[in-house]
Amino acid sequence: MWRVLDLHCHLLAAVDDGPADPASALALLVGLRQQGVVSAVATPHLLSPRFAPDGLEAMIAEAWPRLQDQAASIGLHVFLGAENHCSGQLDPETFATAAHPLGDGPCVLVELPDDHLPARAWASCFALVRSGRRPVLAHPERCRGLRGDDEGLAAFVASGGLLQITAGHVAGIHGWAMRWRSRRLLARFPQACVLASDAHDLRARRPAWDRLPAKFRRWICPDLPSLARWQGGA
Ligand SMILES: [Fe+2]
């Protein structure tokens, strides 16, 4: 068994499209622990037009202490982070100020829309870099706007940015196209890639650490401090 940091998962009960209730959240934590995850970052959707209920912060504040207790009961270390949606609506500097980091480290998980690349997406990432933080692009293999934009990705990586590739995509549980795209990014940008589950439940969007072929384990980051200085699987 290897040590796994899962830096992107939806664990907070009744907050977004993750677990519906505390019992489901505990089941997901147990599933992660059984697959070798020793620390996980809860990454509720933030700045997202799709997940913007009134009182989001209060919902997170209510769910977070309970999640910590549940995780402690099974020997899992949890951190609070966010999946910061970059729609391009915000000025890049405003986005960089509003985005929440993973735990209290310098890394910031940034989600792009699935269907296009917003005009200010790269500027928003570079605004994060200028503010001393390290952007981590969530599942770039899913973003249609990034296909054919290896130049943009190369510039992002050169600035210190990381690419979070979803383990289930690499394993092939979401189809051949996603399997191909995720593996292509690992081959093209090995020094910048890191794996995460983006788990939401134990069904369709389950963690797939147990399905990951051994040759891809070098892209598993062991803990959150290591992520700040991650050199990928190079
Ligand atoms: Fe996510």
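How many residues does helix α2 have, and how far does the helix reach from its first C-alpha to its last? The close-ups below start with that helix and then move through the rest of this predicted model.

**View 1. Helix α2 and what covers it.** Helix α2 spans residues 56-73, which makes 18 residues, and reaches 26 Å from its first C-alpha to its last. That is close to the 26 Å expected at 1.5 Å a residue. Look for A63, L67, Q70 and A71, the buried residues of α2. Their cover includes α1 (22-34), β2 (37-42) and β4 (77-80). After the helix comes G75, with a positive phi near 75 degrees.

**View 2. The three-stranded sheet.** Here 3 strands make an open sheet in the order β1-β2-β4, and their pairing is parallel. β1 (4-9) and β4 stand at the edges with a single partner strand each, so one side of each is left without a neighbour in the sheet. On average, neighbouring strands of this sheet are turned by 20 degrees against each other, direction ignored. Helix α2 packs on the sheet, where it touches β2 and β4, and its direction makes about 160 degrees with that of β4.

**View 3. Bridges within that sheet.** Strands β1 and β2 run parallel and are joined by 4 bridges. To find your place in this pair, start at L5, which stands opposite S39 in β2. Another 4 bridges join β2 to β4, again a parallel pair. There, A40 has V78 of β4 as its bridge partner.

**View 4. The two faces of β4.** In a regular strand the side chains alternate between the two faces of the sheet. Which residues of β4 point to one face and are buried, and which point to the other and are not? V78 and L80 are the buried ones, while H77 and F79 point to the other face and are not buried.

**View 5. Helix α1 and its buried face.** Helix α1 has 13 residues and reaches 18 Å from its first C-alpha to its last, close to the 18 Å expected at 1.5 Å a residue. A25, L26, L28, L29 and L32 are its buried residues. Seen down the axis of α1, these residues fall within an arc of 160 degrees, so they line one face of the helix. What covers them includes β1, β2 and α2. G36 follows α1, and its phi is positive, near 95 degrees.

**View 6. A42 and the nonpolar core.** In soluble globular proteins, nonpolar side chains tend to be buried together. The largest nonpolar core of this model has 70 residues, of which L11, A40, A42, C193 and V194 touch the most other members. With its neighbours within four places in sequence left aside, A42 is in contact with C9, L11, L12, L67, V78, L80 and G81. Among these contacts, L67 is a buried residue of α2, and V78 and L80 belong to β4.

**View 7. The six-stranded sheet.** A further open sheet is built of 6 strands in the order β3-β5-β6-β7-β8-β9, with parallel pairing. β3 (45-46) and β9 (193-196) are its edge strands, and each pairs on one side only. 4 bridges join β8 (residues 162-166) to β9, and the two run parallel. In this pair, Q164 stands opposite V194 of β9. Helix α7 (residues 176-188) lies across β8 and β9, running at about 145 degrees to β8.

**View 8. P101, buried in a loop.** P101 is in the loop between α3 (92-98) and β6 (107-111). P101 counts as buried because 20 other C-beta atoms lie within 10 Å. Setting aside neighbours within four places in sequence, P101 is in contact with G81, P106, C107, V108 and R133. P101 and R133 are 32 residues apart in sequence, yet 8.5 Å apart in space, C-alpha to C-alpha.

**View 9. Two positive phi values outside glycine.** Most residues other than glycine have a negative phi, and most peptide bonds are trans. L47 has a positive phi near 65 degrees and lies in the loop between β3 and α2. L47 is buried, with 20 other C-beta atoms within 10 Å. D198 also has a positive phi, of about 50 degrees, although it is not a glycine. You will find D198 in the loop between β9 and α8 (224-228). D198 counts as buried because it has 26 C-beta neighbours inside 10 Å.

Technical notes:
Residues are numbered from 1 along each chain as its sequence is written. This is a predicted model: local features need pLDDT of at least 70, side-chain atom pairs count only at pLDDT 80 or more; totals for chains, interfaces and linings use all residues. The expected span of a helix is 1.5 Å times one less than its number of residues. A residue is buried if 20 or more other C-beta atoms lie within 10 Å of its own, exposed if 12 or fewer, and partly exposed in between; C-beta atoms are placed from the backbone. Two residues are in contact if their C-beta atoms, placed from the backbone, lie within 7 Å. Two strands pair if DSSP finds at least two bridges between them. Axes are lines fitted to C-alpha atoms, for helices over the stretch in contact, and angles run from 0 to 180 degrees between N-to-C directions. The arc is that of the directions from the helix axis to the C-beta atoms. A nonpolar core is a set of buried Ala, Val, Leu, Ile, Met, Phe, Trp, Tyr and Cys residues joined through C-beta atoms within 7 Å.
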